[in-house]
Amino acid sequence: MQPRRISLITVSVLIGLTTGFIFWFSLRSSWTSASESRQLLQLLSDWLGDGTVTEAWHHLLRKYAHFIEFALLGAEWMALTVLRGSRWRWALPGALTAVADECLQFLAPGRAPRVTDVLLDWGGYLTGAVLVAAVWWLFHRKKGLAICQLI
């Protein structure tokens, strides 16, 4: 099998796994989700030596988690775009996934979708995609390619 084809399959599988991970956490009840993020925050707090867990830190951790998981997804979609040589096809999946992620929360007990979370998710997605595009451009700029040719 050709290396490019293997890369396409690998990135496609990673996109599926990341999307499944995002949706799986969105379907967790608010109590389960809050408990898990509090446990993680306590571990981080203990590791940093602070030991205090506040609601503000808990809220920030949850928002950072959204941002980071969508940044990973955006990076993966941009990598797929680079591998396939297509343009603009990376943008729509991020918007659709962000909206679907929030809509899934209608199904989870104690949770509700928020427009601000869609915007946060989309911001993370764009950040990951732009970082991959910038790295791609840095490695290919000697060929006379402009970053706007990809984005």
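In the predicted model, the buried residues of helix H1 pack against two other helices, H3 (55-84) and H4 (91-104). The buried positions of H1 are Val-11, Ile-15, Thr-18, Thr-19, Ile-22 and Ser-26. H1 itself covers residues 3-26, a run of 24 residues. From its first C-alpha to its last, H1 reaches 35 Å, close to the 34 Å expected at 1.5 Å a residue.

Empty space between the helices was examined next. Rolling a probe the size of a water molecule over the atoms shows where such space is left. The largest pocket holds about 360 Å³. Its lining comprises 16 residues, and those closest to the centre are Phe-25, Ser-33, Ser-37, Ala-65 and Glu-69. At least two lining residues come from each of H1, helix H2 (30-48) and H3. The greatest contribution to this lining is that of H3, with 5 residues. Sorted by class, the lining of the largest pocket contains 6 nonpolar, 5 polar and 5 charged residues.

The second largest pocket encloses about 290 Å³. A set of 13 residues lines this pocket, and Arg-62, Lys-63, Arg-111, Arg-114 and Asp-117 lie nearest its centre. H2 and H3 each provide at least two residues of the lining, and H3 again gives the most, with 5 residues. By class, the lining of the second largest pocket consists of 2 nonpolar, 6 polar and 5 charged residues.

Technical notes. Residues numbered from 1 in each chain as written. Predicted model: local features only at pLDDT ≥ 70, side-chain atom pairs only at ≥ 80, totals over all residues. Heavy atoms only, no water. Helix = DSSP H or I, 4+ residues; strand = E, 2+ residues; numbered from the N terminus. Expected span 1.5 Å × (residues − 1). Buried < 20%, exposed > 50% of the residue type's maximum accessible area, 1.4 Å probe, protein only. Contact = heavy atoms within 4.5 Å. 1 Å grid on protein atoms, 1.4 Å probe; cavity = no way out; pocket = protein on both sides within 12 Å on 5 of 7 lines; lining within 4 Å. Points joined across faces, edges and corners; volume = space filled by probe spheres on them. Nonpolar A, V, L, I, M, F, W, Y, C, P; charged D, E, K, R; others polar.
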